[in-house]
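User: Could you take me through one part of this structure up close? I'd like to look at the place where two of its domains meet, and I'm new to this, so please go slowly.

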Amino acid sequence: MCGIVGCIVAKGNVAPIIFECLKRLEYRGYDSAGIATIHEGRILVRKDAGKLSEIDAKLDLKGLPGSIGIGHTRWATHGAPSQANAHPHLDGSGTIAVVHNGIIENFMELKRELLELGHTFRSKTDTEVVAHLIQEMMKKGMDILTATAETLRKVKGSYSLAIIHTGTPDRVILARNESPLIIGIGEGFMFAASDAAAFLPYTDKAVYLENGEVAVLKIDEYKIFKIDDLRSVNRSHVVLKWTVEEAQKAGFPHYTLKEIYEQAQTVREALRLQLTYVDLVVELLDRGRDVFLLGAGTSYHACLAGSYIFSKLARLSAYPVIASEFVENYGSSIGVDTVILAVSQSGETIDVLNALEYARLRAATILGLTNVVGSTLTRISRAYVLQNSGPEIGVAATKTFTSQLTALMFLALRLARKRGKVSQAEMDALQEDLSNLPSLVNKVVKDSEPIVKEIAKQLSNAELLLFLGRGISYATALEGRLKVMELSYIPCIAYPAGESKHGPISIIEEGQPVFFVAPRDETRRYIIGNVMEMKARGARAIITCERDDDELQGLADISIPMPPTNPLLSPILYTIPYQLLAYYLALERGNDPDKPRNLAKSVTVL
Ligand code: G6P
């Protein structure tokens, strides 16, 4: 996710202020940080891996001279946390410095072109390419604003950028596409930051940049232009009523709700995987004789859904396994032909690492899908893919789950293509479904919230909740159950719907709420039977199904309508109402949704 800052002060040095701003953005990323200023016609940079205060203790970030500067606090996506990969990044001449939040999708291509032109790079980041491209444009005689706009017309992906150049030491150039960027107007101070929390102690006057815009920030003015044609945009400021903490939560009352809402963007970022690494993982998956998908908690549910996806799309049997059960269950058959794709948001869950260590000593191939570059999982994996969700602060995993599913889908599609298991037409259709996914996610969050809020009111005193799904929806039922249980503390059961008649049906009495996950797939006609069986015994059926599925809607005591979607993508969309339900049940019952009791974000004990 990363946090960026740009700042100009009328008097004194800017670095101590940038440092304070960055501290308030540390929740967006904290594996490296840095500041660059312009002083006496030169750019000065101090940066390193580690936490902001540690870097300051070592390098005296606050001591940088100069009245104009930019700063960054990083959540690594391209290149591990290190001094070289920390921002700000410079161009070849050392006169342009850039900080960036987002992902430049086509950076490899652009880097290749720049290498041919003789540029050399110091980092493994996508960001450095932007600095060098601007330099290239300026060589052609463009000013810094025109060169930035021209550069961004070549760039694909998401970005918020703050740029300084020694030739124009009175201004910071800003640009935005998909990643947030806000200007703050103070008396004797001008700011730009990833969120207003950074500058709120100095000013409450804010101007929001929109996608596709570039801006020039000076001590006494700001000017906004369209990247496309540099036509100017008029936008006046708004006055923010937020506290710093509210701004960090983007106005949401809790991080959990903010993170549920963020999913349209995080799913989009999860589709921006680096193909080189994806293809390496795919190649190694393809070579395995026994393939396991291994994870704990929510990540295990992603593995379970992933196993259906790999099987259906790529005809790969990938066995989902709970990390803490792996050694006992499969340990004796592990060998050089075993491939394990470990899914772990943190990359540090001890149950996962233990299983992998065991497998590694037996020469198995370890692959990873994680959200944290530099985590133990990235270090012990032969190859890994990053899900690009940014830090998740709510203890219950929400956005990181839907990103894991998106990344697994992406991997399965690439493998299917490699194996020649899908036709061109199917491939095109799936690609299109994937590109529509972020807007569908957005729609589901917005449309289901009021319905789910009402359900939470009705169920706030429930003593037991049951979740049923068939096929891939069994994974959704498990994840729905886990979310609701961990945030509401209501005992919950999830079962494959087909198994419900082999036991769970005995607990059904008049009014017992039962959630059915029922997308339109080949299991639908069976789940209709399961709904009838449960209703005949008095169950109250709460059915998540397609909005035009009249039959299921007709059977539901309450329905949560969903847009039509490819069944393999259904766990991504159908989990969202249960995330919201968990959140609103927690509120109804007086629980803190961000910090459920007894749970930890990352469990590092056995
Ligand atoms: C803890 C967290 C869960 C998470 C699980 C696995 O139990 O509370 O939200 O799903 O660990 O974490 P990982 O980082 O390996 O995905």
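Analyst: Here is a walk through the meeting place of domain 2 and domain 3, followed by the ligand and a few other spots in the chain.

Before we start, keep in mind that this is a predicted model. The domain assignment splits the chain into three: domain 1 covers 3-248, domain 2 covers 252-422 and domain 3 covers 445-599. We'll stay with the last two for a while. Their centres, taken over C-alpha atoms, are 25 Å apart.

So what does the meeting place look like? On one side, 29 residues of domain 2 are in contact, and they touch 32 residues of domain 3. The size of an interface is often given as the accessible area lost when the parts come together. For domain 2 and domain 3 that comes to about 2,500 Å², with 70% of it on carbon and sulfur atoms. Over on domain 2, the residues that lose the most area to domain 3 are His 254, Tyr 261 and His 301, which together make up 22% of what that side buries.

Now for the polar side of things. There is one salt bridge between domain 2 and domain 3. The side chains of Lys 312 and Glu 522 meet in a salt bridge, with N and O 3.0 Å apart. Polar contacts add to the picture: 14 residue pairs make them across this interface, counting pairs with both residues at pLDDT 80 or more.

Which elements of domain 2 give two or more residues to the side that touches domain 3? They are the helices α7 (255-261), α8 (263-270), α10 (297-314) and α14 (399-419). The largest share comes from α10, with nine residues. If you sort that whole side of domain 2 by type, you get 18 nonpolar residues, ten polar ones and one charged one.

Next, the ligand. It has 13 residues around it, and the closest are Ser 299, Ser 344, Gln 345, Ser 346 and Thr 349. Try finding Ser 299 in the model: a polar atom of its side chain is 2.5 Å from an oxygen atom of the ligand. Ser 344 also has a polar side-chain atom by a ligand oxygen, at 2.6 Å. With Thr 298 it is a polar backbone atom that lies 3.0 Å from an oxygen of the ligand.

Let's zoom out a bit. The whole structure has 36 salt bridges. One of them pairs Arg 235 with Glu 213, whose closest N and O atoms are 2.7 Å apart. Arg 235 sits in the loop between β14 (232-233) and β15 (238-239) while Glu 213 is in strand β12 (residues 213-218), so this pair ties together parts that are 22 residues apart in sequence.

Finally, a couple of backbone oddities. Most residues other than glycine have a negative phi, and most peptide bonds are trans. Glu 40 isn't a glycine, yet its phi is positive, about 50 degrees; you'll find Glu 40 in the loop between β2 (32-39) and β3 (42-49). The bond joining His 87 and Pro 88 is a cis peptide bond, with omega about 0 degrees. Pro 88 belongs to the loop between β4 (68-74) and β5 (89-90).

Conventions
Residues are numbered from 1 along each chain as its sequence is written. Side-chain values use heavy atoms; hydrogens and water are left out. Domain bounds come from an automatic or database domain assignment. Contact means heavy atoms within 4.5 Å. Buried area is the accessible area (1.4 Å probe) that two parts lose on being put together, summed over both. A salt bridge is a side-chain nitrogen of Lys or Arg within 4 Å of a carboxyl oxygen of Asp or Glu. A polar contact is a pair of N or O atoms within 3.5 Å; within protein, one must be able to donate a hydrogen and the other to accept it, and residues adjacent in sequence count only if both atoms are side-chain atoms. Helices (H or I, at least four residues) and strands (E, at least two) are DSSP runs, numbered from the N terminus. Ala, Val, Leu, Ile, Met, Phe, Trp, Tyr, Cys and Pro count as nonpolar, Asp, Glu, Lys and Arg as charged, and the others, Gly among them, as polar. A residue is near a molecule or strand if one of its heavy atoms lies within 4 Å of it.
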